[in-house]
Amino acid sequence: MTQAHILVAISDQQITFLLERVLKSAGYSIRLQENPASIQRTVELNPPTLIILGETVGSASGMEIAAALLRRFPAIPVLLFISQESPALLKQALQLGVSDTFCLPLRTDDILKAVQASLDKAQQRKDWVLLESRRATAGLQRQISEMQTLAELARTINSSLDLDIVLQAVVEAAVKLTNADEGSLLLVDDVTGELYMRASRNFQDEFARTFRIPIQDTLAGSVVRSGQPVLMDENTPQKIKTSYLVQSLVYVPLRVHQSVIGVLGIDNRAKKIPFKDHDVQLLSALAEFASIAIVNASRFSDTSAERNKLGTILAKIQDGVIVFDQDQRLVLVNQMAAGAFKLDDASLAGQPLQDVFTHPDLLALVDSGSKTMTNRAEIAVEDGRIFSAQITPIAGVGAAVTMHDITNLKKLDRIKSDFVSTVSHDLRSPLTAILGYVELIERAGPVNELQRDFVHRVQTSVHNITHLVDDLVELGRIESGFDSRKEPVHLEQLIPLVVDQLKKQMDDKHQTLLLEVPEVLPPVFANPVQLRQMVENLLENASKYTHPGGIVTVHATLEDQQIILRFIDNGIGIPQVDLPFIFDKFYRASNANNEMSGTGLGLSIVRSIVEAHQGRIWVESQPDEGSTFTVVLPVIQE
Ligand code: ADP
């Protein structure tokens, strides 16, 4: 026992001295206090085990000080020394709650007895309070420990996708919380319709592994059938069919979407302590946990099966697929794409796209794809294959690039172009011969009107064919990159030359041509013949597809190191359905009638020229309102 500290506050010096001597020699530690005003504070700062007060302390009344101290510190016993015993004083002291009084003559024995008795009583009171509070908080403590076990279980469920671990944790928590001998989690086997033990605590391994009971005629089965919990002990007037002997038991159903899929149970095999309703409630809460875990696990296995299926499809398809997130980090690269860019098999997920891919065309596509909605590009890879790649934004993911191998199509296209250009080339000489001879007919002798008319028709037709052949030869030349000689070209000088050349044709149709070209423009690095052809084709079209009296405008500006050319007319326009194909070879819009002669090759030539100069071209048009062809060409960088 620790040493008792006694605070002594008595005015009478002699008594103080006496008490100090007696108590010290009995082993108590003593503190003397003379100033009545600071007693409270001293007690507060360093609480003594016992206080002895005189009838007077300094100038104050000991009784009043005792009253104040007992109010503040009811657990510290106070002894009062009174010089003369009087029933009135004793009664007052008793009413205040003073533990004991003593008076003159002072005998060592009396003092020590009074002090010890007070200390003993105080200790008893303290022990009793402690015991009572423990008893009162025991329920609370149990609840806290239950909550802690449940919280721990919830953590296990959240952190583990392994159903075995979670169900084992549920059964263990059930046994721990209910203080049961054994616990088990039985599930209905969908195939046999029996109950088997999925998790257990304190059952022998072999027993748990081989345990199987039917749903009919068993207690656990009755819980599955009724969906109601059961609580049983030896007094329950029913034979407990558990296939093992127990004193008492609780079974609660495991529910998933309204149907019962199993049973969570606890039992006391040896202990003769029955279970209570509270145990049923606890077990039901745990059964909820188990059900949630079972649902989660089945969802997870469904999703992972789906994901595996999708993954296999993506990996095996013959098109390349690259998926990346908003921060341009890779999510997926399938086999085909990895093979095309010669990537290792190592997992690429999470790596920045720029670190994995170096192909400039792919990076340019990704770059443009993040700005516009969708975009396409042709990508030629190292092994000679050519892919048509398309980038598509995917909400919530990022974007996907899909790549389709068009090597064979490109080869066919080239064969076709080569064939066409060879044939056209070979057609030229016979056509020239035909024209020459037709012209000679008239010179060779007189021809009648009808013959002259026939000759003219032949001439016009041959002219048309020659025109077509010229266009084809020209297109073949540009596409094959032949004559790709380039030099600085000043568009502000080139455009007026073409305009002059077309002036007569436009004057004949009474059309107005507005030239909105700055006096000075930075040069573009280009093939002058081809650029001239491009402007010529676009201007010719603008005039050809515009009614007499219409207006054609050529507009040029410099923006961001690019020259933007616009050929604007207020002519017949192009129907919406034709717009996507207008640059294709031999394509003529549905509103271009036969009087407006043409081969459908002019715009194909224009597009090939623009692309050969790293430019872009597009058209905006409204039928009966007019068309605007826009060409963007990069200027020579300093
Ligand atoms: P064409 O020899 O038929 O003019 P192009 O390739 O130059 O061939 O043009 C293809 C088609 O585009 C034309 O047949 C015409 O239908 C349409 N087209 C071209 N330019 C214009 C324009 N400025 N206004 C209306 N339609 C146009």
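Student: How far is a backbone N or O atom of Ala 589 from an oxygen atom of the ligand?

Tutor: That atom of Ala 589 lies 2.9 Å from the ligand oxygen. This is a predicted model, in which local features need pLDDT of at least 70, side-chain atom pairs count only at pLDDT 80 or more, and totals for chains, interfaces and linings use all residues. Residues are numbered from 1 along each chain as its sequence is written, and side-chain values use heavy atoms, with hydrogens and water left out.

Student: Which polar atoms of Asn 541 and Gly 602 lie by an oxygen atom of the ligand?

Tutor: A polar contact here is a pair of N or O atoms within 3.5 Å. Asn 541 offers a polar side-chain atom at 2.8 Å from a ligand oxygen, while Gly 602 has a polar backbone atom 3.2 Å from one. As for cover, the protein hides 98% of the 520 Å² of accessible area (Shrake-Rupley, 1.4 Å probe) that the ligand has on its own.

Student: Which residues around the ligand come nearest?

Tutor: Being near takes a heavy atom within 4 Å. There are 20 residues around the ligand, and Asn 541, Tyr 545, Arg 588, Thr 599 and Leu 603 come nearest.

Student: Which helices and strand each supply at least two residues of the shell?

Tutor: Helices (H or I, at least four residues) and strands (E, at least two) are DSSP runs, numbered from the N terminus. Helix H16 (528–544), helix H17 (602–612) and strand E25 (626–634) do so, and H16 gives the largest share, three residues.

Student: How many aromatic pairs does the whole structure hold?

Tutor: Rings of Phe, Tyr and Trp (its six-membered ring) pair if their centres lie within 6.5 Å; planes under 30 degrees apart are stacked, over 60 edge-to-face, the rest tilted. The search finds six pairs. One of them is Phe 81 with Phe 102, tilted, at 5.9 Å centre to centre and 50 degrees between the planes. Phe 81 is in strand E6 (residues 78–82) and Phe 102 in strand E7 (residues 100–103), so the pair ties together parts 21 residues apart in sequence.

Student: What about the backbone: is the peptide bond from Leu 104 to Pro 105 cis or trans?

Tutor: Most peptide bonds are trans, and most residues other than glycine have a negative phi. The bond from Leu 104 to Pro 105 is cis, with omega near -5 degrees, and Pro 105 is in the loop between E7 and helix H5 (108–159). Asp 217 has a positive phi, near 60 degrees, and sits in the loop between strand E10 (212–213) and helix H8 (219–226).

Note on methods
Polar contact = N/O pair within 3.5 Å; in protein donor to acceptor, adjacent residues only side chain to side chain.
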